[in-house]
Amino acid sequence: MLDVKAPAPNAIEQTLKRLAPYVVRTPVTRAVGPRIEAALGTQVVFKLELLQHTGTFKFRGALNNMLALEDPSQGVTTVSAGNHAVAVARAAKDLGRDAKLVMLESANPARRALAAAYGCELKFCADGPTAFAEAERLAEVEGRAFIHPFDGPLIAEATACIGFELIDDCPDLEAVVVAIGGGGLAGGFAAGIKQRSPNCEVYGVEPVGADGMSQSLAAGAALTGIAVTTIADSLAPPLTTAHTVGLCARYIDAVETVDDEAICRAMALMFEEAKLAVEPAGAAALAGALGPLNERLRGRRVGILVCGTCIDAPTFARLLERGSELP
């Protein structure tokens, strides 16, 4: 398996301090209604990273990357299905940098509008490979810094901060659950959890139709050209990287998959029980906890990371209705 350098505790502590003037230290809360805790036979807490600036955890990593750039006037670029583009746009505005961002044509309308509202220039491409190529071209031709959507030590240090915060607020947790896309969140978050609380187990959840991390862990290598089909578009990159696969292999105890129906049910349950309006990615961890992880979590003190809420109202309403109608 890939051997990568993990974010060290002192580096995570320094990142917490560096990001503190810009980010929200997101709260932890219990579910309001009874059904989630009854289903797991235990007390469940949510780490509400959906309350972060831009509506997702992505802002932390984008900001950490930009703060590390030596030239304060250097422009930035990235490629994203939506959430990371919004995060880079907001970070660029906060730090006074010019941003030219490449988004997929399939990006959710709410994410397109929010990225544009921060004053950056947007370009659209039909698919992931074309978008990556365009962002790399902008970096080379215009001298922009490329902010990767999920890879690299600076991303891992930023997402590890979320793990530190959760354990500091809930030191008695026995297990936590996190959604997995490219692994930038899950790998760093798990590293933070394990270095703060070594006996706390960490479980990852990804969509059946975007199981790139499961495939990569089985292969013992990063993969490209991963076929994806899921409503959880922000958990569906077409590739993994050596760094994210290595971190997930080292710090995550198991990875499970859930189908889109389970994600819709979890979205509906979070709205009804916790009064949270989340995008599909934000409900994936709960879907995993209630589904394939249920027996392993039952009766234990459990934390669930709610990673994002970037979704437009019509799409949310449609998926909420779909989840509410399912058994």
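Okay, let's start inside one helix, α11: D260, A262, I263, C264, A266, M267, A268, L269, M270, E273 and A274 are buried there. One thing to keep in mind is that this is a predicted model.

So how enclosed is α11? Well, 11 of its 15 residues are buried, so the rest of the structure largely encloses α11. As a reminder from the textbook, an α-helix has 3.6 residues a turn, so residues three or four places apart point the same way.

Next, the length of α11. With 15 residues at 1.5 Å a residue, α11 should span 21 Å, and the C-alpha atoms at its ends sit 20 Å apart, so the two values agree.

Now for the two ends. At the N-terminal end, D259 acts as a cap on α11, with a side-chain oxygen 3.2 Å from the backbone nitrogen of E261. Just after α11 comes K275, with a positive phi of about 60°. K275 belongs to the loop between α11 (260-274) and α12 (280-290).

Why mention the sign of phi at all? Because most residues other than glycine have a negative phi. K275 is not a glycine, yet its phi is positive.

There's another residue to show you here: T54, also not a glycine, has a positive phi near 75°. You'll find T54 in the loop between β2 (44-48) and α3 (58-67).

Are these two loop residues buried or exposed? T54 has 8% relative accessibility, so T54 counts as buried. K275 has a relative accessible area of 59%, and the cut-off for exposed is over 50%, so K275 is exposed.

That's my tour, thanks!

Technical notes. Residues numbered from 1 in each chain as written. Predicted model: local features only at pLDDT ≥ 70, side-chain atom pairs only at ≥ 80, totals over all residues. Heavy atoms only, no water. Helix = DSSP H or I, 4+ residues; strand = E, 2+ residues; numbered from the N terminus. Buried < 20%, exposed > 50% of the residue type's maximum accessible area, 1.4 Å probe, protein only. Expected span 1.5 Å × (residues − 1). Polar contact = N/O pair within 3.5 Å; in protein donor to acceptor, adjacent residues only side chain to side chain.
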